[in-house]
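Welcome! Take a moment to turn the structure around on your screen, and then let us walk through it together.

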Amino acid sequence: MRLHLLIVDDDEMACLGLQNRLKDIAFSHQMEISAVHSAEEALQYAKWQSVDILLTDIQMTGMNGLELISEMLKIHPKLLSIIITAYPTFPYAHQAIQLGVVGFLLKPVARDEMCETIQKAVGRAEEQRLGAATLPVTQIDGGADPVAWAKTYVQQHLSDEINMALVANMLNLSYSYFSKLFKKETGQTFTQYIVDVKMQAAASMLLAGKRTSEIAAELGYLAPQNFNRAFLNYWRCTPGEYRKAHRKLR
């Protein structure tokens, strides 16, 4: 059964924008993503639809975000919540912690921060649903080792945006369980493995004569400068310097 995330914001354009961003990031592969435009609508929605993760604005007309979370927990006691706020200093942080809020996102919401916070909530939701402590380490999906499967998936989807929560969900494993398992068996994090595979592939493509813009597109980077930065961080030289140095060695 897929997780269900509900976005609540009385600004309809902001609500739609968040919904589209989450779908673009590929969270729609992990969960159903719905949106409503008031706390009252959210409560009515929750009466007939299961909600695992609530992403709510704090300041709304009528009932505010914290009041909404409190009422939603009466309907779905295992609900996990994320608050969106326009204020860097948050006066109700203590109350939010008591309500079990997973995290806070400051407007305008940064993509990386949003991904990290939602993945954290996804991991917790899957642990609640699946029970990480009882999951088998060995075989899934007819005999496939989960770490070997994940490695193959990365190698075959280099042009896609890959995140650990998505892969763990595809394996029917919790986020935290898969993270620990991958690190235990490989000695590196899943993110480090993705970087390794992409940068090794990038090096091979450079020496094969491909242009940087082509390589960036093939490896799933939205802009060549993002690829150049990642390459420099990994190889400690620019793509051009790498190509020049290794051609001399041939």
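pLDDT is the predictor's confidence in each residue, on a scale from 0 to 100. We need that idea from the start, since what you see here is a predicted model. The protein averages a pLDDT of 83, and 88% of the residues score at least 70. Among the elements, strand β3, residues 53-57, has the highest mean value, 94. At the other end comes helix α4, residues 93-98, whose mean pLDDT of 72 is the lowest among the elements. One stretch calls for some care: over residues 132-143 the pLDDT stays under 50. For that stretch the model has 20 contacts beyond four places in sequence.

Now let us look at how some of the helices sit against one another. Two packed helices are described by the angle between their axes and the distance between the axes. Begin with helix α2 (residues 39-48) and helix α3 (residues 65-75), which pack at an angle of about 10° with their axes 10 Å apart. Angles under 35 degrees count as roughly parallel, and α2 and α3 are therefore roughly parallel to each other. Where do α2 and α3 meet? On the α2 side you will find A39, A42, L43, A46 and K47, and on the α3 side L68, E71, M72 and I75. Sorted by class, this contact of α2 with α3 has seven nonpolar residues, two charged ones and no polar ones.

Further along the chain is another pair, helix α6 (residues 146-156) and helix α8 (residues 175-186). Their axes are 10 Å apart, and the packing angle is about 90°. That makes α6 roughly perpendicular to α8. Helix α6 brings P146, V147, A150 and K151 to the contact, while α8 brings F178, L181, F182, E185 and T186. By class, the contact of α6 with α8 has six nonpolar, one polar and two charged residues.

Next, turn to the charged side chains. Side chains of opposite charge can pair when their charged atoms come close. How many salt bridges does a search of the whole structure find? The search finds five, and we can visit some of them here.

One of them links K107 with D57, where the closest N and O atoms are 3.3 Å apart. K107 lies in the loop between β5 (101-106) and α5 (111-130), and D57 in strand β3, so this pair ties together parts that are 50 residues apart in sequence. Is each partner buried or exposed? D57 counts as buried, at 5% relative accessibility, whereas K107 counts as partly exposed, at 33%.

Back in helix α3, E71 forms a salt bridge with K74, and their closest N and O atoms are 3.0 Å apart. E71 and K74 are three residues apart in this helix, about one turn. K74 is exposed, with a relative accessible area of 60%, and E71 is partly exposed, at 29%. You have already met E71, since it is among the α3 residues that α2 contacts.

Another salt bridge joins the side chains of R211 and E214, at 3.8 Å from N to O. Here R211 is exposed, with a relative accessible area of 56%, and E214 counts as partly exposed at 32% relative accessibility. Finally, salt bridges that share partners join D9, D57 and K107 into one network.

Technical notes
Residues are numbered from 1 along each chain as its sequence is written. This is a predicted model: local features need pLDDT of at least 70, side-chain atom pairs count only at pLDDT 80 or more; totals for chains, interfaces and linings use all residues. Side-chain values use heavy atoms; hydrogens and water are left out. Helices (H or I, at least four residues) and strands (E, at least two) are DSSP runs, numbered from the N terminus. Contact means heavy atoms within 4.5 Å. Axes are lines fitted to C-alpha atoms, for helices over the stretch in contact, and angles run from 0 to 180 degrees between N-to-C directions. Angles under 35 degrees count as roughly parallel, over 145 as roughly antiparallel, 65 to 115 as roughly perpendicular and the rest as oblique. Ala, Val, Leu, Ile, Met, Phe, Trp, Tyr, Cys and Pro count as nonpolar, Asp, Glu, Lys and Arg as charged, and the others, Gly among them, as polar. A salt bridge is a side-chain nitrogen of Lys or Arg within 4 Å of a carboxyl oxygen of Asp or Glu. Buried means under 20% relative accessible area, exposed over 50%, partly exposed in between (1.4 Å probe, protein chains only).
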